[in-house]
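The exercises below ask you to work from the coordinates and the sequence, and each is followed by a solution in steps. Please look at the model before reading the solutions.

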There are 2 protein chains.
Amino acid sequence: MSQDSDKHELKIGICGLGTVGGGTFNLLRSKHAELTRRVGMNLNITHVATRNPADSLKNSGVKVSTDVFAVANDPGVDLVVELIGGFEPALELVLKAIENGKHVVTANKALIAVHGNEIFAAARKKGVVVAYESAVAGGIPIIKALREGLAANSIQWLAGIINGTSNYILTEMGENNRDFPDVLKEAQAKGYAEADPTFDIEGIDAAHKLAILAANAFGTGLDFDRVYTEGISHITTSDIAYAEELGYRIKHLGISRITEQGIELRVHPTLISDQTLIANVNGVMNAVVVKGDSSGSTLYYGAGAGAEATASSVVADVIDIARSNRESCQQALIPPLAFDKLQGEMRILDIEEIESGYYLRIPAKDEVGVMAGISQVLTDYGINIEAVIQKEPGYDESEPNIVPVVILTAPTVEKNMNVAIKAIEEMSEVAGKVTRIRVEHFDGENE
Amino acid sequence: MSQDSDKHELKIGICGLGTVGGGTFNLLRSKHAELTRRVGMNLNITHVATRNPADSLKNSGVKVSTDVFAVANDPGVDLVVELIGGFEPALELVLKAIENGKHVVTANKALIAVHGNEIFAAARKKGVVVAYESAVAGGIPIIKALREGLAANSIQWLAGIINGTSNYILTEMGENNRDFPDVLKEAQAKGYAEADPTFDIEGIDAAHKLAILAANAFGTGLDFDRVYTEGISHITTSDIAYAEELGYRIKHLGISRITEQGIELRVHPTLISDQTLIANVNGVMNAVVVKGDSSGSTLYYGAGAGAEATASSVVADVIDIARSNRESCQQALIPPLAFDKLQGEMRILDIEEIESGYYLRIPAKDEVGVMAGISQVLTDYGINIEAVIQKEPGYDESEPNIVPVVILTAPTVEKNMNVAIKAIEEMSEVAGKVTRIRVEHFDGENE
């Protein structure tokens with residue numbers, strides 16, 4: 001296949017030259033020779049669209065437009081790289097590129113999570129590839145692992161730290177005993193968090209990524225609307241300290257699991273044993289554990305964001321398409337969501353249907369019998385207590401009259417836990433809302 | 001591509017029905033429907049060769065031979081899965097299958113490491129695929145990650161725990177303070193180690209895998225003969241305890257790094273910070289860290305052996321070939337060693353040329369000035385001391401007159417360290433051989 005490789009060329013159009021777009025442009029240009037050596041064909045940028053073209057582009061030999069649709073409609077472009085982000089005009093752009101028979105590479109997780117079903121159907125009709133490795137976990141080739149490397153497996157569950165901002169904040173809170181607002185401010189100053197951090201800290205970004213991971217794991221379509229999503233803004237440094245005392249870390253996880261009843265899709269803070277590898281993934285780093293029925297547990301770790309790491313996944317997608325885009329072979333080889341034929345409709349479980357262990361922090365009054373009362377309520381609902389921490393009154397300086405009672409429970413159905421918590425909050429010995437964080441015990445040994 | 005998927009079929013011949021072969025047979029048969037849904041084509045076993053055919057095979061509808069070449073010569077086989085192991089007749093079998101225009105999937109790490117260059121050249125000439133994901137790190141899709149997922153990167157280095165037996169032994173020695181021979185015996189009883197454990201504990205198995213990983217990382221051919229190989233049989237529980245006191249774990253690593261002088265290829269016990277993820281990979285598990293210039297450090301973790309995990313990688317290779325083997329597209333798309341055009345001759349560094357930090361355990365006599373003398377020798381050779389542990393005489397009950405002096409040095413060239421060690425061993429205050437273990441500081445943060 002290499003004999004005539006010099007005659008071959010893949011003509012690339014890039015839409016958007018922001019952080020990731022600029023990184024992609026630079027990577028493709030600076031490594032042109034090495035990439036040709038890898039692929040056996042030239043990866044040439046022929047056209048870019050950017051709102052404010054830099055002067056340096058003028059002499060680059062690349063066509064420059066301000067309108068992204070000029071790239072999607074350019075007959076001199078085989079593959080459109082969509083890096084403008086957001087829904088509009090990104091969706092229209094991607095559909096136009098597909099309509100024109102061009103392959104598409106995108107890093108746009110929101111677009112894929114929300115409009116992926118429509119996009120993949122259009123791509124299939126046209127026989128073109130829509131690749132999106134960079135949309136999940138930046139520089140980690142997790143989509144490839146899920147839909148190719150682990151393709152012989154029935155995936156049982158996956159769990160990932162898939163939002164670097166949240167992981168950075170939780171790590172800093174734990175390691176340096178700093179409050180959430182304080183760390184958030186620093187993360188914003190360092191560029192780890194946006195000016196409006198809602199997407200990251202409320203779990204929406206992670207929910208986009210989880211929807212994509214789960215669709216690939218289980219061969220369902222994308223079900224972003226059904227992801228249960230809970231952020232980290234209610235986690236306190238004392239929760240982190242209590243968890244540590246019990247041998248756990250608090251991580252913001254995206255979890256998806258197939259059960260007899262249906263598929264779990266949930267994003268929330270989670271206590272996990274400090275003996276697991278994923279509990280030791282700190283700072284802005286990402287990691288995903290995937291449990292296959294044959295492979296057992298596998299873990300993938302790396303940078304979840306950043307111009308270079310994300311660009312490296314964008315270009316890996318470009319290389320995949322180039323490798324399968326020779327003249328004799330111009331079709332989509334790898335199904336976009338891992339399965340050539342998707343599952344029929346699968347039931348997504350409501351969060352009340354899932355089973356989990358729970359960490360409960362209960363603001364009790366300093367009264368005789370409070371612990372006995374709480375234990376009785378849990379027993380009434382058939383919930384076993386696995387561990388308890390009760391500190392002396394005044395332990396928390398900000399609430400000197402409160403005795404914090406921390407309880408770790410055995411797994412129970414969430415609906416049952418909800419009524420138990422309501423009953424505890426109604427006790428006269430309890431002074432306020434119960435904090436509840438789910439606990440996961442992964443069934444591998446060392447994840 | 002799916003409209004006529006039912007008409008498509010990949011006809012698979014399996015040579016060898018041992019542990020992995022049996023696992024592969026069962027996986028392909030039991031998951032036939034799910035795999036068809038993934039691939040959009042039927043993966044059918046049409047012929048197996050095994051020395052002692054089980055009765056159950058008779059009614060399986062599969063042709064059964066005792067001669068593996070019957071499979072390689074069968075026109076009713078598109079793809080030969082070689083799971084007989086060893087060099088002969090495996091090499092001849094693989095070359096015959098290629099000659100007959102059949103794709104090959106193999107788990108045979110020794111065969112690929114030693115004869116890969118010849119095999120890949122033959123496959124290229126014939127336009128068929130030789131896939132070997134299962135040859136390295138069992139169920140972890142590390143070959144795919146290296147040559148596809150990270151294809152946009154210039155790989156800078158990689159380091160892996162790629163022999164589960166050695167990792168199990170070192171983990172047990174450290175966690176339970178048990179001696180090497182004792183743990184080895186248990187590993188043999190549990191089936192983690194062979195009756196003749198040489199391949200595993202002397203690092204040969206790891207060297208096979210490292211040669212394959214490095215070839216994929218750097219686009220060189222395979223250079224198994226040039227891998228520096230050192231096993232774990234000289235590691236003592238006191239080395240593990242001293243390392244722990246200094247904040248390190250001892251892991252048996254395969255390391256390959258590209259430097260201005262050439263490529264490092266080495267397998268040996270290594271001290272790594274206990275704060276890294278890879279230091280916390282325990283028992284029989286495997287993990288590989290890959291540092292790309294764009295992606296940064298990424299880590300891949302999972303089961304390195306076992307029938308099911310290995311079979312899952314064998315079948316993933318089968319699926320890759322099936323996906324790219326449709327009528328309109330019958331060529332090898334992914335170069336077998338990551339690069340379409342391999343590097344020209346690259347220099348492999350001799351172990352004396354590498355730079356490393358060192359852990360030294362020196363059996364000193366209980367005499368005045370011994371520490372000063374040792375320090376002076378190291379200073380004479382320009383070697384900086386980073387940490388020292390000196391215990392009181394009698395600390396090691398088996399050698400009551402010896403004062404073990406443990407030193408951690410800054411990085412120096414190995415050749416320089418070798419002469420310094422020789423000088424130390426010649427000191428009258430030193431009672432015997434110096435134990436030397438290399439120390440690695442990976443330049444990522446959390447590997």
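**Exercise 1.** Determine which residues Lys109(A) touches, leaving out those up to four places away in sequence.

*Solution.* Contact here means heavy atoms within 4.5 Å, and with that rule Lys109(A) touches Ala135(A), Asp205(A), His208(A), Lys209(A) and Ile212(A). Two conventions should be kept in mind: this is a predicted model in which local features need pLDDT of at least 70 and side-chain atom pairs count only at pLDDT 80 or more, whereas totals for chains, interfaces and linings use all residues. Residues are numbered from 1 along each chain as its sequence is written, chains are lettered from A and ligands numbered from 1 in the order in which they are written, and side-chain values use heavy atoms, with hydrogens and water left out.

Next, place the residue: Lys109(A) is in helix 5 (residues 109-126) of chain A, where helices (H or I, at least four residues) and strands (E, at least two) are DSSP runs numbered from the N terminus. Its relative accessible area of 23% makes Lys109(A) partly exposed, given that buried means under 20%, exposed over 50% and partly exposed in between (1.4 Å probe, protein chains only). Finally, consult the record: an unreviewed UniProt entry annotates Lys109(A) as "binding site"; UniProt positions are given in the numbering used here, feature names are shortened, and annotations may be inferred rather than shown by experiment.

**Exercise 2.** Decide whether Gly16(A) is buried or exposed, and locate it in the chain.

*Solution.* Begin with the annotation, since the unreviewed UniProt entry also gives "binding site" for a group of residues that includes Gly16(A) and Gly22(A). Gly16(A) lies in the loop between strand 1 (9-15) and helix 1 (19-30) of chain A, and Gly16(A) counts as buried because its relative accessibility is 10%. Residues up to four places away in sequence being left out, Gly16(A) touches Gly21(A), Ala49(A), Leu83(A) and Ile84(A). Gly22(A), by comparison, is found in helix 1 of chain A and is buried, with a relative accessible area of 19%.

**Exercise 3.** Describe the interface of chain B and chain A by its area and its salt bridges.

*Solution.* The area buried between the chains is about 5800 Å², with 49% given by carbon and sulfur atoms; buried area is the accessible area (1.4 Å probe) that two parts lose on being put together, summed over both. On the side of chain B, Arg37(B), Arg38(B) and Tyr301(B) lose the most area to chain A, together 14% of what that side buries. The contact takes 69 residues from chain B and 69 residues from chain A.

Turning to charges, the rule finds four salt bridges across the interface, each being a side-chain nitrogen of Lys or Arg within 4 Å of a carboxyl oxygen of Asp or Glu. Asp293(B) forms a salt bridge with Lys31(A), and the closest N and O atoms are 2.7 Å apart.

**Exercise 4.** Find where chain B departs from the usual backbone geometry, for which the reference is that most residues other than glycine have a negative phi and most peptide bonds are trans.

*Solution.* The peptide bond from Glu88(B) to Pro89(B) is cis, with omega near 5°, and Pro89(B) is found in the loop between strand 4 (79-82) and helix 4 (90-99) of chain B. Phi of Ala137(B) is positive, near 60°, and Ala137(B) counts as buried at 1% relative accessibility. Asn177(B) also has a positive phi, of about 55°, but Asn177(B) is exposed, with a relative accessible area of 59%.
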